[in-house]
Amino acid sequence: MVLTAGACDSSSSPTPSASSAAPSSRPPSPSPEPAPPTTAPLPRGTAPLATIPSVRSFTGSDSGRGWWPRPGTRVIAGSAELVDEARLLAGELDVTAAGPDGGTPPREGDVRLVLEAGSAPPEGYRMDSRRGRLVITGSTDAGVFYGTRTALQALRARGHVPPGVAEDHPDRPQRGLSVDIARKHFTAAWLRARVREMGDLKLNQLHLHLSDDQGFRVESSSHPEIVSARHLTKREVRGIVALARSRHITVVPEIDSPGHLGAVLRAHPELQLRDVTGTPLRGAVDISQPAAGRLVDDLIREYADLFPGRYWHLGGDEYLALRAEDPERSYPQLAADARRRFGPDATVADAATGWLNDRQDTVRAVGKQAKAWNDGFHSGPRVAADRDREVEYWTGREFGQREPQEFLRAGRPVVNVNDEFLYYVLGEPNNFTYPTGERIYRQWSPAVLRGTRPVPRDLAGPDQVLGGRLAVWCDFSDAQTEAQVARGIRMPLRALAQRVWDPEPPSLPWTSFVRLADRVDGD
């Protein structure tokens, strides 16, 4: 009688018991490898390594199952410089941090962070997720940090990092967010939350507008009389700066002058600019008075260590004296000061340029690189703006403003803060509307500096247009709460992060990008 596979006749010889069975000569079958954890499917078209901003190069592999945390996973710092990155990622994954490793080989499920000179472009990294381990290598600790952000987002998106090798770096060196903390007081907790959000999006600059007509919002020991009742203490600022440093974000302070100083002028009315009839000009200091320059210089020196990053923003925009039909006739004291300092044909525009150059001398003396708004670069006949100053191009609306091409052809580096796309102005005054992430995602790029048209390609390289920032301005400070602002800028900030990281137009449809954002965002 022949038995087919799987058949059994109960009347046949009895099956031997386990105790009487002959021992098998076969080795036991290995335990099946665990499958990687997965999440609900992502939208069609989503890249295998699903992140915001998208990874610029990922080569998938059939070798292994990828990487995900297991019991016993360690995040190993390959050198002392990466201990902070290892501890941060380990805390986020709820695993153990280890190292510096001294060459200890990683085991299944481990993450190893490695610094290797020349392994990637600045801020770039290489991530290898084959063989059940994750190795993130960068030429700088910032690059390694960005690799950890990619790994974290991939886990949130798919439950694991798929097997393969990612090679990634930003297109633009300056990527960030501006917040007007002068017109509206933002709490330290809110600003810390934005820093954490920015870090996950690989943004690297937080610009804080400290002073305006409505308020001066940081504690000061040199001029306590100018500080608003609601303000950030220096201890709070240090906490924000320390958190930003851990996310490789530079905090850029701005004390805007010689306009936008109304809060300072309430404490120092003697420095108020007045026209020939004695009428005060809102927010404007009288730049012919040496005491006005000394006050701003005092603040620059006081805050130089509080904000230890590379940059200082001089402001320089909307000095309303220059909007007069005849500035020399309307403000004879400024005209006289210009002629005294710069020659008989000097103008009020020369005096304003000289003011910013003087402030830049102070900024340079404390070891920082200066920035200023594009409408702070004036066309006077005698005085030129300091060559070592970056242009922050925000407006083409102001009468007489130069095209961005003029700055670029003159060799001045420009940062894109185009008010057509990137200005989130509370209350939507002056024909502003709240920007949408979709419009930034579809229509904006770093080359679109003014209006909706890009500058020529030969002027738009990363060494010419250095990057871009989304800017929150609080013209009507009560129009939105902190929570509403955070919600309102959420998708614009993610769209900006995508466009300054990857130079290619996005391939993922907007609706899919939004769904991906919902998946990869942290708590």
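Which strand supplies the largest share of the lining of the largest pocket? The points below take up this question and then turn to the strands, one buried residue and one helix of this predicted model.

1. The largest pocket. This pocket holds about 620 Å³ of space. Of its 27 lining residues, those closest to the centre are Arg183, His260, Glu318, Asn430 and Asp475. The answer to the opening question is β12, which gives three residues to the lining. Strands β12 (280–285) and β17 (423–425) each contribute at least two lining residues. Sorted by class, the lining contains 11 charged, 10 nonpolar and six polar residues. As general background, rolling a probe the size of a water molecule over the atoms reveals where empty space remains.

2. Strand β18. This strand spans residues 465–473, and nine of its nine residues are buried, so β18 is largely enclosed by the rest of the structure. The student may follow its pairings one at a time. Strand β8 (residues 174–180) runs parallel to β18 and is joined to it by six bridges. Within that pairing, Arg175 stands opposite Gly468. Strand β16 also pairs with β18 in the parallel sense, over three bridges. Here the bridge partner of Asn416 is Gly468. Gly468 is thus named in two places, opposite Arg175 and as the partner of Asn416.

3. From β18 back to the pocket. Strand β17 pairs with β18 in the parallel sense over three bridges, and Val425 stands opposite Trp473. Strand β17 also supplies at least two residues of the pocket lining. It therefore deserves attention in both contexts: β18, its partner, is a strand with nine of nine residues buried.

4. Strand β15. This strand covers residues 389–393, and five of its five residues are buried. Are its two faces covered or exposed? Both are covered: Arg389, Val391 and Tyr393 are buried on one side, and Glu390 and Glu392 are buried on the other. Strand β14 (residues 369–373) pairs with β15 in the parallel sense over four bridges, with Glu392 as the bridge partner of Trp373. Strand β16 (residues 414–416) runs parallel to β15 as well, and three bridges join the two. In that pairing, Tyr393 stands opposite Asn416. Asn416 in β16 therefore links two descriptions, facing Tyr393 and having Gly468 of β18 as a bridge partner.

5. Residue Ser257. This residue lies in strand β10 (residues 250–257). Is Ser257 buried or exposed? Its relative accessible area is 1%, so Ser257 counts as buried. Its side chain makes a polar contact with the side chain of Trp355, at 3.0 Å. Setting aside neighbours within four places in sequence, Ser257 is in contact with Val296, Leu314, Gly315, Gly316, Trp355, Leu356 and Arg359.

6. Helix α1. This helix comprises residues 83–93, and its buried residues are Val83, Glu85, Ala86, Leu88, Leu89, Ala90 and Leu93. When reading such a list, it helps to recall that an α-helix has 3.6 residues a turn, so residues three or four places apart point the same way. The elements that cover the buried residues of α1 include the strands β2 (74–77), β3 (96–98) and β4 (111–115), together with the helices α2 (141–158) and α4 (234–246). Just after α1, Asp94 takes a positive phi of about 60°.

How values were computed
Residues are numbered from 1 along each chain as its sequence is written. This is a predicted model: local features need pLDDT of at least 70, side-chain atom pairs count only at pLDDT 80 or more; totals for chains, interfaces and linings use all residues. Side-chain values use heavy atoms; hydrogens and water are left out. Buried means under 20% relative accessible area, exposed over 50%, partly exposed in between (1.4 Å probe, protein chains only). A polar contact is a pair of N or O atoms within 3.5 Å; within protein, one must be able to donate a hydrogen and the other to accept it, and residues adjacent in sequence count only if both atoms are side-chain atoms. Contact means heavy atoms within 4.5 Å. Two strands pair if DSSP finds at least two bridges between them. On a 1 Å grid over the protein atoms alone, a cavity is a set of points where a 1.4 Å probe fits but cannot get out, and a pocket is an open set with protein on both sides within 12 Å along at least five of seven lines; lining residues have an atom within 4 Å of a point. Grid points are joined across faces, edges and corners, and a volume is the space filled by probe spheres set on the points. Ala, Val, Leu, Ile, Met, Phe, Trp, Tyr, Cys and Pro count as nonpolar, Asp, Glu, Lys and Arg as charged, and the others, Gly among them, as polar.
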